[in-house]
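User: I am in my first year and would like a close look at a single strand in this structure. Could you take me through its surroundings step by step?

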Amino acid sequence: MINPKCRTGQGHFYHTLYNKWLGPYSTDTVEPFQFLEVGFYNGKGFDAYKEFMPRAEMHSMEIACIEKGPRSEGKWPWGNFAAKNKHYQEYLDTKQLHCGDASQYEFLHKIWTTEMKRPDAPPLKVVVDDAAHLASHMATTLFFWFPKIEPGG
């Protein structure tokens with residue numbers, strides 16, 4: 001039986017789609033790997049990914065947790081949606097949640113070089129972009145992250 005939460009009004013079938021692509025990463029026997037979600041929002045998806053892929057080193061990026069203020073000054077005017085997640089501070093403290101604009105090369109490069117591309121880091125295998133849904137932002141995600149994903153990821 002299909003869980004009604006998996007079937008949204010937009011015709012998505014998350015239970016089959018995500019299991020097809022992420023199922024192999026959900027076992028306790030898979031080698032450790034890195035997972036990156038672009039677009040944390042309130043973290044419900046991130047929490048689900050963490051539970052579903054116990055061997056993943058988890059990372060997520062979110063613009064809403066940067067300093068509040070005018071966009072013209074590189075700030076976020078609409079409030080911190082990410083702070084509503086009960087694990088918000090833990091994710092920040094453990095460097096799983098990275099606050100910044102994932103459509104900006106400088107931010108992506110900083111997170112990649114300082115947090116993810118460590119000598120002891122497992123390979124990056126999965127990137128999910130569920131952020132702004134703007135073509136230019138999705139292109140940035142594709143062109144920045146695709147070359148960094150390990151073969152087979």
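Analyst: What follows looks at strand E1, then at its partners and at the helices that touch it.

Please keep in mind throughout that this is a predicted model. Strand E1 is made up of residues 33-38, and six of its six residues are buried, so that the strand is mostly covered. In a regular strand the side chains alternate between the two faces of the sheet. In E1, Phe33, Phe35 and Glu37 lie on one side, while Gln34, Leu36 and Val38 lie on the other, and both faces are covered.

One residue of this strand deserves its own paragraph. Gln34 lies in strand E1, and with a relative accessible area of 1% Gln34 counts as buried, because the cut-off for that word is under 20%. Which residues are in contact with Gln34, if its neighbours within four places in sequence are left aside? They are Glu57, His59, Met116, Arg118, Ala121, Pro122, Pro123, Leu124, Lys125 and Val126.

The next step is to see how E1 is joined to other strands. Strand E2, residues 56-62, runs parallel to E1, and six bridges join the two; within this pairing, His59 in E2 is the bridge partner of Leu36. Strand E4, residues 124-129, also pairs with E1 in the parallel sense, over five bridges, and here Phe35 stands opposite Val126 in E4. The connection between E1 and E2 involves a helix as well, since E1, helix H2 (residues 44-52) and E2 make a right-handed β-α-β unit.

These pairings belong to an open sheet of four strands, in the order E3-E2-E1-E4, with parallel pairing. Its edge strands are E3 and E4, each of which pairs on one side only. Neighbouring strands of the sheet are turned against each other by 20° on average, direction ignored.

Two helices then come into the picture. Helix H4 lies across E1, E2, E3 and E4, and H4 runs at about 155° to E2. Helix H5 packs on the sheet as well, where H5 touches E1, E2 and E4, and the direction of H5 makes about 175° with that of E4.

How is helix H4 placed, judging by its buried and exposed residues? In H4, which spans residues 105-116, the buried residues are Phe107, Leu108, Ile111, Trp112, Glu115 and Met116. Because they cover an arc of only 130° around the axis, they are on the same side of H4. Glu106 and Lys110, by contrast, are exposed on the other side of the helix. What covers the buried residues of H4 includes E1, E2, strand E3 (97-99), E4 and helix H5 (135-145). Met116, one of these buried residues, is also among the contacts of Gln34, which ties the helix back to the strand where this account began.

A last detail concerns helix H2, the helix of the β-α-β unit. Tyr49 in H2 forms a ring pair with Tyr18 in helix H1 (residues 14-22), and the two residues, 31 residues apart, link distant parts of the chain. Tyr49 counts as buried at 10% relative accessibility, whereas Tyr18 is partly exposed, with a relative accessible area of 26%.

Conventions
Residues are numbered from 1 along each chain as its sequence is written. This is a predicted model: local features need pLDDT of at least 70, side-chain atom pairs count only at pLDDT 80 or more; totals for chains, interfaces and linings use all residues. Side-chain values use heavy atoms; hydrogens and water are left out. Buried means under 20% relative accessible area, exposed over 50%, partly exposed in between (1.4 Å probe, protein chains only). Two strands pair if DSSP finds at least two bridges between them. A crossover is right-handed if, with the strands pointing away from the viewer, the path from the first strand over the helix to the second runs clockwise. The arc is that of the directions from the helix axis to the C-beta atoms. Contact means heavy atoms within 4.5 Å. Axes are lines fitted to C-alpha atoms, for helices over the stretch in contact, and angles run from 0 to 180 degrees between N-to-C directions.
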